[in-house]
Amino acid sequence: MKKCYSLLLLLLAALPALAQTKSNLAYYLPQTVTYNPAIPTPASVLGFEVGEWHVSHDQLLMYMRAVDAASDRVTLTEYARTHEHRPLVLLTITSPENQRNIAQIKAEHHQLTDPAVSGRLDISKMPAVLWMGYSVHGNEPSGTNASLLAVYYLAAAQGPAIDETLRNTVILVDPSINPDGMSRFAGWVNSRRGKNLVTDPYNVEQNEVWPGGRFNHYWFDLNRDWLPLQHPESRGRLQQFHAWKPNLLTDHHEMSSNSSFFFQPGVPSRKHPLTPTRNFELTKSIGNYHAKALDKIGSLYFTEENYDDFYYGKGSTYPDVNGAVGILFEQASSRGHAQETVNGILRFPFTIRNQVVTTLSSIEAVQALRQDLLAYQRDFYQKVAGEARDQGVRAYVFGADQDPARSYELARIIRQHQIAVYRPKSALTVGGVHLAPPMPTSCPPISRSSD
């Protein structure tokens with residue numbers, strides 16, 4: 001009897017680890033709702049359950065297009081092409097009624113950023129806008145693979161709760177921010193996957209060769225390109241960002257395998273001084289929803305450590321200077337299909353589930369804090385306009401007589417950040433510095449002339 005009892009205890013202890021390997025919809029998504037059978041599941045399109053293999057970009061795109069075709073909640077837009085000519089897509093997900101009026105909703109939402117009219121808007125009746133971006137680093141795949149499940153849930157879930165969420169929210173899903181790097185990484189790990197998974201951290205599957213999938217085609221870290229905007233992925237994404245002006249942006253990443261899960265706020269002493277205090281208060285309120293969701297499934301996590309909210313050139317901080325709240329997620333990476341860590345064997349499906357859970361908690365937070373987020377955005381732009389008037393500086397003048405193309409390129413970048421650029425009608429002398437007349441009119445226009 002004693003031996004049988006010991007064996008039973010060992011089997012019970014092994015159940016959590018075994019559960020990680022069973023990657024199906026019940027493992028990832030709430031079972032308290034029903035799902036519309038007319039919406040294709042990821043497995044019905046891909047031929048495998050999410051987490052069994054690393055989805056390639058063409059497979060990801062195939063599924064997103066299938067859901068777009070099947071659901072009146074979803075609209076797919078191609079916003080750019082990578083250097084390797086892979087499509088970058090954005091899915092707009094909301095109620096069918098909102099879809100029919102999406103142009104008007106976008107225009108009214110954009111008015112929150114205009115202090116001249118924002119005070120007259122009734123935010124109690126306005127949907128909030130949530131942007132969810134996955135895997136800007138291509139070898140951090142749990143985010144991209146989680147986007148399959150997020151889109152399926154939003155398109156297929158049925159019931160009063162999801163109906164209310166979709167009425168009150170416009171959800172923008174960028175399922176793969178870095179398709180070229182993601183494809184490079186997926187090809188590496190899938191081609192080195194064995195029938196029996198090898199969990200040795202020194203195994204070739206878990207150690208991709210340089211340059212790896214982190215970077216895009218030109219080996220550039222796109223998470224540092226939100227300000228310089230040197231790559232088509234970033235330029236197309238930023239155009240969509242400013243077209244919508246989201247209230248909350250989530251940025252799904254991965255970190256060291258021997259860690260757990262991180263969500264913002266970051267280290268309290270490492271926040272940008274220009275970011276309003278109210279931004280950090282909202283970030284912390286949103287974090288409570290992530291903590292509750294991760295507690296429910298028993299996942300370890302930490303917050304207010306290791307990561308910061310300082311550099312505005314990253315995806316999780318750029319929103320903070322544009323009237324939105326940016327949230328960074330960092331999931332411990334399996335760097336393949338499974339890997340031995342200090343916390344035991346970390347399996348790919350487990351990493352995906354944490355990203356799915358915090359995707360859903362983000363949606364819940366936006367639903368609960370909708371008016372707070374809308375009011376914050378409106379107040380942000382009103383306050384910024386007042387501070388600008390108080391500064392007494394109307395404009396900054398720049399130029400490069402010996403290299404006019406350099407000035408033009410700087411102006412082009414600045415304009416993409418919704419900053420007005422004007423070409424003076426004549427030469428200027430400012431602070432003892434003489435600036436020559438502007439470029440000939442045959443050059444591409446920068447903006448309208450101004451005195």
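# A tour of rings, a strand and some backbone oddities

Start by selecting Trp131, Trp226, Phe241 and Tyr318, which ring pairs link into a cluster. The model on screen is predicted. Aromatic pairs number 15 in this structure, and a few of them come up again below.

**Strand E4**

Keep Trp131 selected and extend the selection to strand E4, residues 128-134. Seven of the seven residues here are buried, so the strand is largely enclosed by the rest of the structure. In a regular strand, side chains alternate between the two faces of the sheet. Colour Ala128, Leu130, Met132 and Tyr134 as one group, since they point one way from E4. Val129, Trp131 and Gly133 point the other way, and the residues on both sides are buried.

Now add the strands that pair with E4. Strand E6, residues 169-174, runs parallel to E4 and is joined to E4 by six bridges. Within E6, Leu172 is the bridge partner of Trp131. Strand E7, residues 248-255, also runs parallel to E4, with five bridges between them. Here Gly133 has Asp251 as its bridge partner.

**Phe262 and its ring partners**

Next, select Phe262 and Phe302. Their ring centres are 5.4 Å apart and their planes meet at 50°, so the pair is tilted. Phe262 belongs to strand E8 (residues 261-263), while Phe302 sits in the loop between helix H12 (277-297) and strand E9 (325-332), so the pair ties together parts that are 40 residues apart in sequence. Is Phe262 buried or exposed? With a relative accessibility of 0%, Phe262 counts as buried. Phe302 is buried too, at 14% relative accessible area.

Add Tyr307 to the selection. Phe262 and Tyr307 form another tilted aromatic pair, with 4.7 Å between centres and 40° between planes. This pair likewise links distant parts of the chain: Phe262 is in E8, and Tyr307, 45 residues away, is in the loop between H12 and E9.

Stay in that loop and pick Glu304. Glu304 is not a glycine, yet its phi is positive, at about 60°. Its relative accessible area is 27%, so Glu304 is partly exposed.

**Charges over rings**

Two side-chain arrangements are worth displaying as sticks. Arg192 lies over the face of Trp188, 3.5 Å from the ring centre. Lys271 lies over the face of Phe280, in this case 4.6 Å from the ring centre.

**Gln377**

Move to helix H14 (residues 370-391) and select Gln377. Its relative accessibility is 0%, so Gln377 counts as buried. What lies 3.5 Å from a polar atom of the Gln377 side chain? It is the backbone oxygen of Pro246. Leaving aside neighbours within four places in sequence, Gln377 is in contact with His109, Leu112, Lys245, Pro246, Asn247 and Gly323.

**Backbone stops**

Finish with the backbone torsions. Trp210 and Pro211 are joined by a cis peptide bond with omega about 5°. Pro211 is in the loop between helix H10 (179-191) and helix H11 (232-244). Another cis peptide bond joins Gln264 and Pro265, with omega about 20°, and Pro265 is in the loop between E8 and H12.

The last residue to select is Gln418, in the loop between helix H15 (404-416) and strand E12 (423-424). Gln418 has a positive phi of about 65° although it is not a glycine.

Conventions. Residues numbered from 1 in each chain as written. Predicted model: local features only at pLDDT ≥ 70, side-chain atom pairs only at ≥ 80, totals over all residues. Heavy atoms only, no water. Phe/Tyr/Trp six-rings, centres within 6.5 Å; stacked < 30°, edge-to-face > 60°. Helix = DSSP H or I, 4+ residues; strand = E, 2+ residues; numbered from the N terminus. Buried < 20%, exposed > 50% of the residue type's maximum accessible area, 1.4 Å probe, protein only. Lys NZ or Arg CZ within 6 Å of the ring centre and 35° of its normal. Polar contact = N/O pair within 3.5 Å; in protein donor to acceptor, adjacent residues only side chain to side chain. Contact = heavy atoms within 4.5 Å. Pairing = 2+ DSSP bridges.
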